[in-house]
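I opened my notebook to look up a few places in one structure and to write down what I found at each of them.

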Amino acid sequence: MFEKRTWIRLPRNVVVGHGVLGQTIEAVSELHLTGRPLVVSSPTPHDVAGKQVVEQFEDEGYNPSEIVIDEASFDAVQQVIDHASEIDAGFLLGVGGGKAIDITKMAADDLGLGFVSVPTAASHDGIVSGRGSVPEGDTRHSVAAEPPLAVIADTEVLAEAPWRLTTAGCADIISNYTAVRDWQLAHRLKNVHYSEYAGALSQMTAEMLVESADSIKQGLEESSWIVVKALVSSGVAMSIAGSSRPASGAEHLFSHQLDRLVPDGALHGHQVGVGSIMTEYLHSGQKGQWKDARDALAAIGAPTTADELGIDDETVIEALTTAHQIRDRYTVLGDGMSEEAAIEAATVTGVI
Ligand SMILES: [Zn+2]
């Protein structure tokens, strides 16, 4: 009996490049989305892209509405849901670096409406994924949400974002190496389902980014092109897998734990990058490829040490020894690291 089945949800229109923000209406009308558009942004994304999107809809007689949210929270998700119901919105657009997009995809999921992602920074792969993450108290919730029907990533806009957001996006991609290793390990040890296609795509995405490191430079619009394409590709790998496994392993658990311990810590991508140096060491040992991970991060100017993250050594060790408790996801951390082993891993790799 053959009983396997899969359901892959991908964005239908992925529009990337110089000035593509001007093609928002085309990308949306091609999806047969109808009714009033609700544009969700936060203050800076509103200025750099949100108001332009709203104007385009006005010019075409769509009668758009806009809501500018101040913070990523469940309250903000509820605000968007209430506003969308009030104006009887037909579909949603999330315009932002991550916060507004996460909130929009969660609201869209609740409302049962289509959602379009318009990233203004290439800072993490949430811009294309079907998962949203919102902080609450001292923790972050990652919840299933509506994946985007379309992604409109204007490299002219992305290139204007603070450079550290771009290097964070790069580091999030470089961490795919260890995420795939963790996934393969979980497959061998725990019989977790492994998708060859998704694993290979995720790895290849990281390889291509590392090979392009020379073209990833502040002030070069091409950098945004390279990074956002990698983020889309990584998102596609997650869609094929039907989970975040291709792009999220122990290095992500480490970062989530840092978020709990230091709520205003470093950027997500920067934290997972440093995490992946150490988890690569755990996979392959002292003579293994952890130096490649560190060198790739250093080449694009992402942090490689606790110091550069602005997080103290003790917190790094605490996060390493407790990261396995975060969620039921088997990784190289197994049932947890001892403090001595964590200090050894962080010291050998130069993280502390
Ligand atoms: Zn990530």
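The entries below go place by place through this model, which is predicted.

Entry on the UniProt record. I looked up the feature "binding site", which UniProt, in an unreviewed entry, places at ten positions that I list in full: G98, K99, A100, I101, D102, T120, A121, A122, S123 and S129. I then followed two of these, I101 and A122.

Entry on I101. I found I101 in helix α4, which covers residues 99-111, and its relative accessible area is 0%, so I noted I101 as buried, the cut-off being under 20%. Leaving out residues up to four places away in sequence, I101 touches G94, G96, F115, S117, V118, P119, G126 and I127.

Entry on A122. I located A122 in the loop between β5 (114-119) and β6 (131-136), and A122 also counts as buried, at 2% relative accessibility. With residues up to four places away in sequence not counted, A122 touches L158, L165, T166, G169, V227, V228 and L231.

Entry on S243. Is S243 buried or exposed? I found that S243 is partly exposed, with a relative accessible area of 27%, and that S243 sits in the loop between α9 (221-241) and α10 (250-261). A polar atom of the S243 side chain lies 3.0 Å from the backbone nitrogen of R245, and, not counting residues up to four places away in sequence, S243 touches M238 and R329.

Entry on α11. I noted that helix α11 (residues 268-284) is mostly covered, with 13 of its 17 residues buried, and that G285, just after α11, takes a positive phi of about 80 degrees.

Conventions:
Residues numbered from 1 in each chain as written. Predicted model: local features only at pLDDT ≥ 70, side-chain atom pairs only at ≥ 80, totals over all residues. Heavy atoms only, no water. Buried < 20%, exposed > 50% of the residue type's maximum accessible area, 1.4 Å probe, protein only. Helix = DSSP H or I, 4+ residues; strand = E, 2+ residues; numbered from the N terminus. Contact = heavy atoms within 4.5 Å. Polar contact = N/O pair within 3.5 Å; in protein donor to acceptor, adjacent residues only side chain to side chain. UniProt positions renumbered as here; feature names shortened; annotations may be inferred.
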